[in-house]
Amino acid sequence: MPGTLPHPRSDAPVGTRERILAAATAQVRRRGLRRVTMDDVAREAGVSRRTVYVHFADRDDLIHGVLARNAAGHVAAIAPHIRAHATLAAQAGEAAVRVHARSPQAYALGLAERDGESEDAAVRLLGGLVFDAWLRFWSPLVEHARDRGEVRADLDTAQAAEWIVRAVISLVLVPARSFDPDDPEQVRRFVADHITRGLC
């Protein structure tokens, strides 16, 4: 089924799937989605075409894997900085600062610069994958905050996680009016005062 991410066979060499994804990502960056082929990816990864199909059911599955890898990579790059803070308010503030500092183009693998329906669809899919990756990251942090008594006991943690993700994204996409988005301390204060206070 397109879009699923099959598990590699247990006898497959460790790291092959990641090497294929890295090669496919490089191809997408250089050539765009429409020109990427399984043969090109196999050559760049140094594996056979058959090996690519061991890990990915078809080309759509491989592209989904590339976009999911990219989304997870952005979360992983920022996650340690967020987890270094002890409170949910401080974590959300740090997320806003870090996400704002990253170039929006970095998320899109250069796809937004290309014309074509496949690239447009991929940008939309990538946005959804980034959003889902952030939701998975924030849900346990909100649960820990509830367990610590930092937020109210009856808080719906799934909705609260989505609220934080949407708020942080809006800080990046929508121009600020009452604070300087390039001043980390102002961003952290704004988040603490207005984004997380409603969860308490």
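Which residue forms a salt bridge with glutamate 44, and how far apart are the closest N and O atoms? I looked this up before anything else, and the partner is arginine 30, with the closest N and O atoms 2.4 Å apart. I count a salt bridge when a side-chain nitrogen of Lys or Arg lies within 4 Å of a carboxyl oxygen of Asp or Glu. Glutamate 44 sits in helix H2 and arginine 30 in helix H1, 14 residues apart, and the pair links distant parts of the chain.

**Ground rules**

I am working with a predicted model, where local features need pLDDT of at least 70, side-chain atom pairs count only at pLDDT 80 or more, and totals for chains, interfaces and linings use all residues. Residues are numbered from 1 along each chain as its sequence is written, and side-chain values use heavy atoms, with hydrogens and water left out.

**Overview**

I find nine helices and zero strands; helices (H or I, at least four residues) and strands (E, at least two) are DSSP runs, numbered from the N terminus. Of the 200 residues, 41% are buried. For burial I use relative accessible area: buried is under 20%, exposed over 50%, and partly exposed in between (1.4 Å probe, protein chains only). I also checked contacts (heavy atoms within 4.5 Å). Among those between residues at least 6 apart in sequence, 70% join residues at least 24 apart.

**More salt bridges**

My search of the whole structure gives 12 salt bridges. Aspartate 40 pairs with arginine 31, again with the closest N and O atoms at 2.4 Å. Aspartate 40 is buried at 14% relative accessible area, while arginine 31 is partly exposed at 33%. Glutamate 44, from my opening entry, is partly exposed at 34%.

I then turned to glutamate 150, which meets arginine 148 in a salt bridge (2.6 Å, N to O). Glutamate 150 is partly exposed at 23% relative accessibility, and arginine 148 is partly exposed at 44%. I also noted a network in which salt bridges with shared partners join Glu94, Arg98, Glu185 and Arg188.

**The core**

Which residues touch the most other members of the largest nonpolar core? They are Leu62, Leu88, Trp134 and Trp138, in a core of 56 residues. I take such a core to be a set of buried Ala, Val, Leu, Ile, Met, Phe, Trp, Tyr and Cys residues joined through side-chain atoms within 4.5 Å. The elements giving two or more residues to this core include H1, H2, H4 and H5. H7 gives the largest share, 12 residues.

I followed tryptophan 134 further. Leaving aside neighbours within four places in sequence, tryptophan 134 is in contact with Val75, Ile78, Ile82, Val99 and Val165.

**Helix H4**

I compared the length of H4 with expectation, taking the expected span as 1.5 Å times one less than the number of residues. The 25 residues of H4 should span 36 Å, and the end C-alpha atoms are 36 Å apart, which agrees. H4 nevertheless bends by about 30° at alanine 77, and proline 80 follows within four residues. The bend is the angle between axes fitted to the seven residues ending at a residue and the seven starting there.

Is histidine 74, in helix H4, buried or exposed? Histidine 74 is buried, with a relative accessible area of 5%. I also noted that histidine 74 and arginine 102 are 28 residues apart in sequence and 9.2 Å apart in space, C-alpha to C-alpha.
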